[in-house]
Amino acid sequence: MTATDTEPGATHATDAVRVRGVGKRFPGVIANHDVDITIRSGTVHALIGENGAGKSTLMKILYGVQKPDEGTLTVNGKDVSFSSPTDAIAQGIGMVFQHFMLADNLTVLENVVLGAEKMYGIGDKARAEIVRISQAYGFGLDPDELVEDLGVGERQRVEILKVLYRGAKIIILDEPTAVLVPQEVDALFANLRELKAQGNTILFISHKLDEVLAIADDITVMRRGTTVGEAKPQGATKRQLAELMVGSELPSPETEESTVTDQVLLEVVDLTLHDSFGRALLSDIDLTIRKGEVVGIAGVEGNGQAELVEAIMGMRKPSAGRISVGGQDISHWDTRERRGAGIGYIPEDRHRHGLLLDAPLWENRVLGFQDRPPAVKGIMIDRGAAREDTERIVREYDVRTPGIDTAARALSGGNQQKLIVGREMSGDPVLLIAAHPTRGVDVGAQAAIWEHIKRARRQGLAVLLVSADLDELIGLSDRIEVILRGRLVGEFDPKQITPQDLGSAMTGGHDDETEAQQ
Ligand SMILES: Nc1ncnc2c1ncn2[C@@H]1O[C@H](COP(=O)(O)OP(=O)(O)OP(=O)(O)O)[C@@H](O)[C@H]1O
């Protein structure tokens, strides 16, 4: 293949990236096979596909983190072979991961320069370059601002600036909008358009098909490890894309008839929490959830929602306040006792709190349930029953895995999440704490998880739902509380509010309306 050998209708003489016949195997899994993709220079290219389809593996191959077993990579017309990200960066490829890798206590300048001192030193030249890039793309970043004072959208811009500073012209973004509110998504898209206008190429993974349609020039669909189709956003619908991905109908979360009862299951009173420096992370939180009720917590990342969940789970010690479940004060119980009292917990960070990555799936089924059936018989772990129940979860939640003896680490992110949801739902909880339950899962799995949450509600569970997906919050919640700087600042009726208005309330831009609805 030559650099000019583009498909009919292509307007760009050079392709930024060409992948031909790429394959990558892991023990027991073919993560990529026969992958072909052409990314035209100066375009925004979206990569979509269900969980485990092989998107991350392909991205990692392009960024030099994984080495393909076969196939060829061409960058700007030149055949390349990467042994590490350093090689990829040398060819002008940069990657922004979903979990930001910034040092909070350093400034924007320090973060950008760190590890790239060779580019422009650490002084005036470096500063001038950072200001130039920030201005060129409308990032609005101040080199001297501390990263800890920046919002999520700004931090993401620092990450993008970091890769541009290192000379990237091809930028890979892994689910960049997963953590953003609608206003921030608009800002990111404006940045991406500007990057494109100035000749950069963007490749991004997304599960949000409406966003893909809004921003992408080209769309590549992956299924079961390979590229199965190309689409153009013009004239395409979400439904068509979803069908290309999974061959099934596109779901949407819809609030069903209220099942709320009078019986209070979770009661949080005056909850206050400080960090080790004495700063308030949560202030005077009052929250009740009744049987059959889903209460959604909306907030920009870092406003206390993670701390609220961890305080309810007994993973953080509040400085004041009380937490009761089913009328029983559990404020002084440890996490295990709280789980025993019937709290199911889908954690935000599945790697830290949800899974033992090196243990097989069936052992992960037992995790947190060591003292309850089906994991135990008498005082012994009941291996057979635990294995059988893991098989059931794999079936019911469509966890894509070679088997239950596979290590959790080998599952794709979305499939890990499905396993956790299945485990937590099977403990017969009375209260379910779900932190971003569908983050990173594909539309099919998302529908399944929504259905399980709806069913749980119908069966009388109280559900605390923390989510950055505002459609999900609006679709599933009976009531939405907005958290801002550690306080609950407003309550909204999901039937009355749009994602845009909720986004404004989350950033503190809607005080009058917030008060009006309180
Ligand atoms: N390091 C690894 N070891 C073993 N198997 C792996 C490894 N990385 C990925 N896999 C497997 O390769 C397949 C493709 O995974 P990949 O992470 O590329 O999918 P994905 O499309 O990015 O999924 P998701 O949307 O869930 O993130 C999956 O079956 C996964 O379990």
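These questions and answers walk through a predicted model of one chain and its ligand.

Residues are numbered from 1 along each chain as its sequence is written. In this predicted model, local features need pLDDT of at least 70 and side-chain atom pairs count only at pLDDT 80 or more, while totals for chains, interfaces and linings use all residues.

Q: What is the mean pLDDT of the chain?
A: pLDDT is the predictor's confidence in each residue, from 0 to 100. In this chain, 92% of the residues reach 70 or more. The mean is 87.

Q: Which helix has the lowest confidence in the chain?
A: Helices (H or I, at least four residues) and strands (E, at least two) are DSSP runs, numbered from the N terminus. Strand β4 (residues 70-75) marks the high end, at 97. Over residues 510-518 the pLDDT is below 50. The lowest mean, 40, belongs to helix α19.

Q: How many contacts beyond four places in sequence does the model have for residues 1-12?
A: Two residues are in contact if their C-beta atoms, placed from the backbone, lie within 7 Å. Over residues 1-12, pLDDT stays under 50. The number of such contacts for this stretch is 14.

Q: Which elements give two or more residues to the shell around the ligand?
A: A residue is near the ligand if its C-beta atom, placed from the backbone, lies within 6 Å of it. The ligand is surrounded by 20 residues, and the closest are Phe26, Ala31, Asn51, Ser56 and Gly414. The elements are β2 (29-40), α1 (55-62) and α15 (413-425).

Q: How many residues of the shell around the ligand are polar?
A: Ala, Val, Leu, Ile, Met, Phe, Trp, Tyr, Cys and Pro count as nonpolar, Asp, Glu, Lys and Arg as charged, and the others, Gly among them, as polar. The shell has six nonpolar and three charged residues. Its polar residues number 11.

Q: Between which domains does the ligand lie?
A: Domain bounds come from an automatic or database domain assignment. Two domains both give residues to the shell, so the ligand lies between them. They are domain 1 (15-246) and domain 3 (343-428).

Q: Is α1 largely enclosed or exposed?
A: A residue is buried if 20 or more other C-beta atoms lie within 10 Å of its own, exposed if 12 or fewer, and partly exposed in between, with C-beta atoms placed from the backbone. Among the buried residues of α1 are Lys55, Ser56 and Lys60. Eight of the eight residues are buried, so α1 is largely enclosed.

Q: Which residue with a positive phi follows α10?
A: Helix α10 covers residues 305-312, and eight of the eight are buried, so the rest of the structure largely encloses it. The buried residues include Glu307 and Glu310. After the helix comes a positive phi, near 80°, at Gly314.

Q: Which helix gives the most to the largest nonpolar core?
A: A nonpolar core is a set of buried Ala, Val, Leu, Ile, Met, Phe, Trp, Tyr and Cys residues joined through C-beta atoms within 7 Å. This one has 137 residues, and Ile433, Val463, Leu464 and Leu465 touch the most other members. Six residues come from the top contributor, helix α16 (residues 443-458).

Q: Is Asn76 buried or partly exposed?
A: Asn76 has a positive phi of about 50° although it is not a glycine. Its place is in the loop between β4 and β5 (78-80). It has 18 C-beta neighbours inside 10 Å, so Asn76 counts as partly exposed.
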